[in-house]
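Student: Please take a close look at a single part of this model with me. I would like to follow it outward into its surroundings, with the cut-off behind each term given along the way.

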Amino acid sequence: MKSVGNTLIASVTPVHCAMLKNHGRLLSKLVSGNVSKSRKFHCCSQKCQFNGESLMVAARYSPPLFSVAPMMECTDNHYRTLARLISKRAWLYTEMIAAETIVYQKGDLDRFLAFSRDQHPIVLQIGGNDLENIAKATQLASLYGYDEINFNCGCPSPKVAGKGCFGVRLMLDPKFVADAMSVISANSDVPVSVKCRIGVDNHDSYNELCDFIYKVSSLSPTKHFIIHSRKALLNGISARENRSIPPLKYEYLYALVRDFPDLQFTINGGINSIHEVTSALKEGAHGVMVGRAAYNNPWNVLGHVDSAVYGMPPSSLTRRQVLEKYQMYADSVLELDGGSKTNVRELIKPLLGFFHSEPGNGLWKRKADAAFSSCLTIKSFFEETLVAIPDSVLDSPIVSAPIGFRNVFSDAKSRLPLPPPSTVRDEEAVLYA
Ligand SMILES: Cc1cc2nc3c(=O)[nH]c(=O)nc-3n(C[C@H](O)[C@H](O)[C@H](O)COP(=O)(O)O)c2cc1C
């Protein structure tokens, strides 16, 4: 194995080549044009000879060490602008956008897909269950220059999961997911990844999860899986309850790291502090994705990422400075659309957790409630409300996070499930060869 930049080039066996070649044939039937045998996968690819033809095949790439999870109605342009002001290095995911939305809103794509350059590195998450629409959506989205495209196989919302096979239900159809991933990869020039759960309803054994990972990774160029480490229950509980009721099983994630050494796994679910992030990485996760904590407490979670995860010097930026920059962005948005599409409330929404646990937070929120209806600019909104927050909070840079938590990741590693029976994998390899 050799390395290019921070990417390891893995050796490729004839079995892999054969699987890719077969799959390439299948996909060229599915995708209209634009399928080439030699695709770029990040900066890492390797030529592989097969019957005189050469295929560029995906090798290992490094996933983001830290990312902010895709969250519908949360990780929009406004939130991502704020997040980027606090962390220069965190990877930012969009909200999930359905392939159909992209295809049918062709004339209004900027509304769904445009982002400012400083949001890089940024990942687009798409959802869908129709290969043709997924292909078209990827082609259209590729024009916007996302750094990676992620496919949603984890959403349990009835609006999504109930719509035929979409979101987490797709975990029950790994061959479709592999086709979708191949289609996405064939229509873009950036790496692709899957975000999924550890199972669905009664399909929650470690072996079933391995079967999903094995089929998707061997039948498509997918090398990176983001694992929300709890299963989804499709009957009876809401999407919100599905993010807390099924127990977290981080041991499945660490077992995948052990059992699929050529793949990359990002851990997700219930990670709330920077110490938990660094512990999860130290225990062997290739990347950590944080959702709610990064939204509800952005200063304390994202403020530590660049130094604690990426080894950069600690930021000297204060909350006041972040707010000044955010105000310039937000007021320019209001000015541009004349308040017709965006209002003060939407632009302030990402800031509602900005003073999490700080003195004055409660009063600030009460003042904010009143100011939403009276203020027409973010400047006037801040003038009206920030008097509630002491200068000591506004003018101090990020302080060290308190230590003191139980290392649930090393606990998880002490109860790893057994590896899947190797006979199953060998038979599968022959089957797909
Ligand atoms: C409001 C909200 C919206 C979400 N929307 C998406 C989504 O669009 N796509 C997705 O894959 N997951 C979505 N999720 C799930 C998160 O990405 C993440 O997997 C989950 O919240 C667990 O991580 P956490 O405990 O760090 O929040 C959403 C979660 C929340 C709270």
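Tutor: Let us begin with helix 8, in which Tyr206, Leu209, Cys210, Phe212, Ile213, Tyr214, Val216, Ser217, Ser218 and Leu219 are buried; a residue counts as buried if 20 or more other C-beta atoms, placed from the backbone, lie within 10 Å of its own, as exposed if there are 12 or fewer, and as partly exposed in between. This is a predicted model, in which local features need a pLDDT of at least 70 and side-chain atom pairs count only at pLDDT 80 or more, while totals for chains, interfaces and linings use all residues. Residue numbers start from 1 along each chain as its sequence is written.

With 10 of its 14 residues buried, helix 8 is mostly covered. It occupies residues 206-219 and reaches 20 Å from its first C-alpha to its last, close to the 20 Å expected at 1.5 Å a residue, where the expected span is 1.5 Å times one less than the number of residues. Helices here are DSSP runs of H or I with at least four residues, strands are runs of E with at least two, and both are numbered from the N terminus.

The loop between strand 9 and helix 8 contains Asp201, which has a positive phi of about 45 degrees although it is not a glycine. Asp201 counts as partly exposed because it has 14 C-beta neighbours inside 10 Å.

Helix 8 also belongs to a right-handed β-α-β unit, together with strand 9 and strand 10; right-handed means that, with the strands pointing away from the viewer, the path from the first strand over the helix to the second runs clockwise. The two strands of this unit, strand 9 (residues 192-197) and strand 10, run parallel and are joined by five bridges, and strands are said to pair if DSSP finds at least two bridges between them. Within this pairing, Ser193 stands opposite His224 in strand 10.

Strand 10 covers residues 224-228, and five of its five residues are buried. In a regular strand the side chains alternate between the two faces of the sheet. Both faces of strand 10 are covered, with His224, Ile226 and His228 buried on one side and Phe225 and Ile227 buried on the other. On from there, five bridges join strand 10 to strand 11 (residues 264-268), again in parallel, and Ile227 stands opposite Ile267 in strand 11. Strand 10, helix 9 (residues 250-259) and strand 11 form a right-handed β-α-β unit.

These strands are part of a closed barrel of eight strands, which runs 5-6-7-8-9-10-11-12 with parallel pairing. Neighbouring strands of this sheet are turned by 25 degrees against each other on average, direction ignored; the angles are taken between lines fitted to C-alpha atoms, for helices over the stretch in contact, and run from 0 to 180 degrees between N-to-C directions.

Elsewhere in the barrel, strand 6 is largely enclosed by the rest of the structure, because seven of its eight residues are buried. Strand 5 (residues 66-68) pairs with strand 6 in the parallel sense over two bridges, and Val68 stands opposite Leu92 in strand 6. The chain passes from strand 5 through helix 2 (residues 77-86) to strand 6 in a β-α-β crossover that is right-handed. Strand 6 (residues 91-98) is also joined by five bridges to strand 7 (residues 122-127), which runs parallel to it, and here Met96 stands opposite Gln125 in strand 7.

Met96 leads to the ligand, since it is among the residues that come nearest to it: of the 22 residues around the ligand, these are Ala69, Met71, Met96, Gly291 and Arg292, where a residue is near if its C-beta atom, placed from the backbone, lies within 6 Å. Strand 6 and helix 11 (292-296) each supply at least two residues of this shell. By class, the shell has 10 nonpolar, eight polar and four charged residues; Ala, Val, Leu, Ile, Met, Phe, Trp, Tyr, Cys and Pro count as nonpolar, Asp, Glu, Lys and Arg as charged, and the others, Gly among them, as polar.

One backbone feature lies in the loop between helix 4 (109-113) and strand 7, which is the place of Pro121. A cis peptide bond joins His120 and Pro121, with omega about -10 degrees.
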